[in-house]
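Trainee: I have just opened this one and would like a walk through it. Could we start with how the two chains meet, and then move on to whatever else catches the eye?

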Amino acid sequence: MMTTWEERISNMLQQETLTDHLVLFFRDLREEGFLIGSNEMTDGIQALQSIDISEYNQFKLVLQIVLCSTKEEHDKFDSLFQNFFFKKEKEDLLHFHSEVKEVSTNEKSITENNQSAESVENPEEQKKQSLPSFGFHIDKTESETDGQQEGATLYTALNAISKNPRTFKVKIPAHHFSTMEKAAEQLTRRFRLLDSRRKKVLKNGNTFDMRRTFRKSIQTGGYPINPVHTGPISEKSSFILLCDSSRSMATYSKIYLQFAYALMQYSSKVEVFLFSTRLRRVTDQITTSKRGAFPVLHVQENEWEGGTCIGESLNTFVQMHGLKMVNKNTIVMIASDGLDTGNSEHLQQTMREIRKRSTFIIWFNPLLNLDGYEPTASGMKIALPHIDVFSHAMDAHSFMELSNQVKVRR
Amino acid sequence: VIYIIEQIESIKKTFQENGYITDPSTLTALHLIQVLQKPLLLEGPAGVGKTEIAKTLAKALDTKLIRLQCYEGLDVNNALYEWNYAKQMIYIRMTETEHDEKSVAEKEADIFSDKFLLTRPLLEAFMEKQAPPVLLIDEIDRADEAFEAFLLEALAEFQITIPELGTIQAEHRPYVILTSNRTRELSDALRRRCLYQWISYPDFKKEVTILRSRLPHIDEALAEQITNVMQRVRQMTLQKIPGVSESLDWAEALVSMHQRVLDKEISKQTLGCFIKNHDDWEMISREIDQGTFLHSNQ
């Protein structure tokens, strides 16, 4: 590995293509949803200047630390790095070169005029001098990616070319979104929680706070000019959607994700997870939609249209996030057809745990719309005793119906 | 170009001397804090040593550790500064009796001077004169979003404006380490201003080294046996997975009981060191009774 990497990096330096490679790599990462702007790119280059770039591990680690900002990005960085630097076809880069040359002819001529006539023999120096062109290249590529987000599910170009594990782009549908928003708003209103017994300072609070008033009077020379009032803290319900993204559910999952996106417009406490044979948190991808566009999720092959291990996935959720996210104000929504290939004991145990911690559980099963459907699938049979509402909702109108039926007061 | 290897080796050595076993990834992150002068955001499960990294870094750099523990409701008054109103009041009353010639402006300047300023962790870090301190902002995910927004401003410029005193620029840029347990999603703006490092559970070899480094008197076989069991426990479907701190607690308990080897009886007696949930307790107890718990896979 080391020799290969050394050869590659040496080639890139000799052909003066390291900067172009990096720009292209940054672009690929951005297409994968990484938060990379010009600052991160500059930091990446600056960090690379402080290390021995012929060391493969150092090179990768430095970029990983600078360019990743979540665990999900951290986890997939390795494979993206490998794919780009070891498997990507040369033609991709050549294409990129011609693309850049066309656009930046003018800029290059200006740069050349400004630079002194002496040639730069040191590749590192060469790399540093080519840095100012970064922002320009990326702006061009960004406008291209916007135009590419057509269709509900697309394969990325990178994966189609290099035959690597596929990455899916799952676009949240926009149709009937206004109805879905109404349903979401209605649902948030149907969950009314009692105010907490804890109190906080409120302008229009109903209790006079003697201690705080005295404390505050120190500022006004001992005269209690500004009385302080307190009132109960109002509790807000939080929502967690655990959405089955296995092959049998993939068609419906986008609708449930749309519902979660609609919920986010009315509640700041919404968490979304996808599960098939493993669990994946996608909240950040749904919340970071650009310029009001509908979010596009980037998921790996084994996270979309794969098998189903409901018990194991939900158990991972309880282990990793359950203690922190699920509490007495939480409404847990699980969207799955209950067709499980995993261990049923895990599901039993996990459902009991979620039941114990949360206030309300809704299970969405699109198969309920089929005539004569009986919840006989093993996963469904185990989960049923723990569920408050077993819903057939699978479009905006049925979500509206659901939100009119559900009512929780606590 | 400063090559990283020497730098990293030096950090590794000082960390080892201070009893903290790291991996190349964390070492590189610590190196980059110095190179890029950016805060480092550490995320990972509870008990894997996120906070400990900041503590050890302070020891390694022989500098002050300033800790800001975040919680719901944390505000600027508790994080940055507050005027000591009581002391100001006493001072005003005392000066009222004296017939000094001070003008109103002079009196005001007196009242809002350094001696009446209560410095909180952030300001303390900015005002540190000796050397750049390590500023640990612990469990940032517990703080409110409003505080996170305030923090962005402070960490971007490393300067703070106090209306009565003016702008205070950090004497030395502190090494900032933020930790999060992911109880809520942090804002993209904050993430973009930080370097990122995910700390996960250590592998068998690293955990044995940690135990032996932190508990020099532990029997090697016992350390391996504990680690072996803990590695297996982390693969089980428990509600609360024990971290390294639980391994250390358990090992310390066994060492204090002069145990040289793990057996059924002692495992049951010391279960509370690493199991903190009733359902998990029952599952592990069952495994101990069945004799499968101490079965070695290594």
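Mentor: Let me settle one term before we begin: contact here means heavy atoms within 4.5 Å. Please also keep in mind that this is a predicted model. With that meaning of contact, 44 residues of chain A are in contact with 41 residues of chain B.

Trainee: And how much area do chain A and chain B bury between them?

Mentor: The two chains bury about 4000 Å² between them, and 56% of that area lies on carbon and sulfur atoms. On the chain A side, Ile65(A), Gln319(A) and Lys324(A) supply 15% of the area buried against chain B, which is more than any other three residues give.

Trainee: How many salt bridges are there between chain A and chain B?

Mentor: The count is 4 salt bridges, and there are also 9 residue pairs in polar contact between the chains, with both residues at pLDDT 80 or more. To look at one salt bridge, find Arg192(B) and Glu40(A), whose side chains meet at 3.4 Å, N to O.

Trainee: Which helices of chain A supply at least two residues of the side that touches chain B?

Mentor: Those are α3 (38-49), α4, α5 (71-87), α14 (310-325) and α15 (344-357) of chain A. Of these, α14(A) gives the most to that side, with 7 residues.

Trainee: Switching topic, which residues touch the most other members in the largest nonpolar core?

Mentor: That core has 95 residues, and the ones touching the most other members are Phe59(A), Leu63(A), Phe85(A) and Ile137(B). Its largest share, 7 residues, comes from helix α4 (residues 56-67) of chain A. There is also a second, separate core of 43 residues, which includes Leu241(A), Trp304(A), Ile331(A) and Met333(A).

Trainee: What does Phe59(A) touch, then?

Mentor: Setting aside residues up to four places away in sequence, Phe59(A) touches Trp5(A), Ile9(A), Leu18(A), Leu22(A), Leu48(A), Ile51(A), Ile53(A), Phe81(A) and Phe85(A). As a general point, nonpolar side chains in soluble globular proteins tend to be buried together.

Trainee: Now chain B on its own, please: how many helices and strands does it come to?

Mentor: Chain B comes to 14 helices and 9 strands, and buried residues make up 50% of its 298 residues. Among its contacts with a separation of 6 or more, 74% are between residues 24 or more positions apart. The accessible surface of chain B comes to about 14200 Å², with 49% belonging to carbon and sulfur atoms.

Trainee: I clicked on Thr179(B); is that residue buried or exposed?

Mentor: Thr179(B), which is found in strand β8 (residues 175-180) of chain B, counts as buried because its relative accessibility is 1%, and buried means under 20%. Its side chain is joined to that of Asp138(B) by a polar contact of 2.4 Å. Beyond its neighbours within four places in sequence, the contacts of Thr179(B) include Leu42(B), Lys50(B), Leu136(B) and Ile137(B).

Trainee: One last thing, about the backbone: what is the phi of Asp62(B)?

Mentor: Asp62(B) has a positive phi of about 55 degrees although it is not a glycine, and this residue is found in the loop between α3 (50-61) and β2 (65-69) of chain B. At 68% relative accessibility, Asp62(B) counts as exposed. His258(B) likewise has a positive phi of about 55 degrees without being a glycine.

Trainee: Where is His258(B), and is it buried or exposed?

Mentor: His258(B) is in the loop between α12 (244-256) and α13 (264-269) of chain B, and with a relative accessible area of 70% this residue is exposed.

Note on methods: Residues numbered from 1 in each chain as written. Chains lettered and ligands numbered in written order. Heavy atoms only, no water. Helix = DSSP H or I, 4+ residues; strand = E, 2+ residues; numbered from the N terminus. Buried < 20%, exposed > 50% of the residue type's maximum accessible area, 1.4 Å probe, protein only. Areas by Shrake-Rupley, 256 points an atom, 1.4 Å probe, with all protein chains shown as cover. Core = buried A, V, L, I, M, F, W, Y, C linked by side-chain atoms within 4.5 Å. Buried area = accessible area lost by both parts, 1.4 Å probe. Polar contact = N/O pair within 3.5 Å; in protein donor to acceptor, adjacent residues only side chain to side chain.
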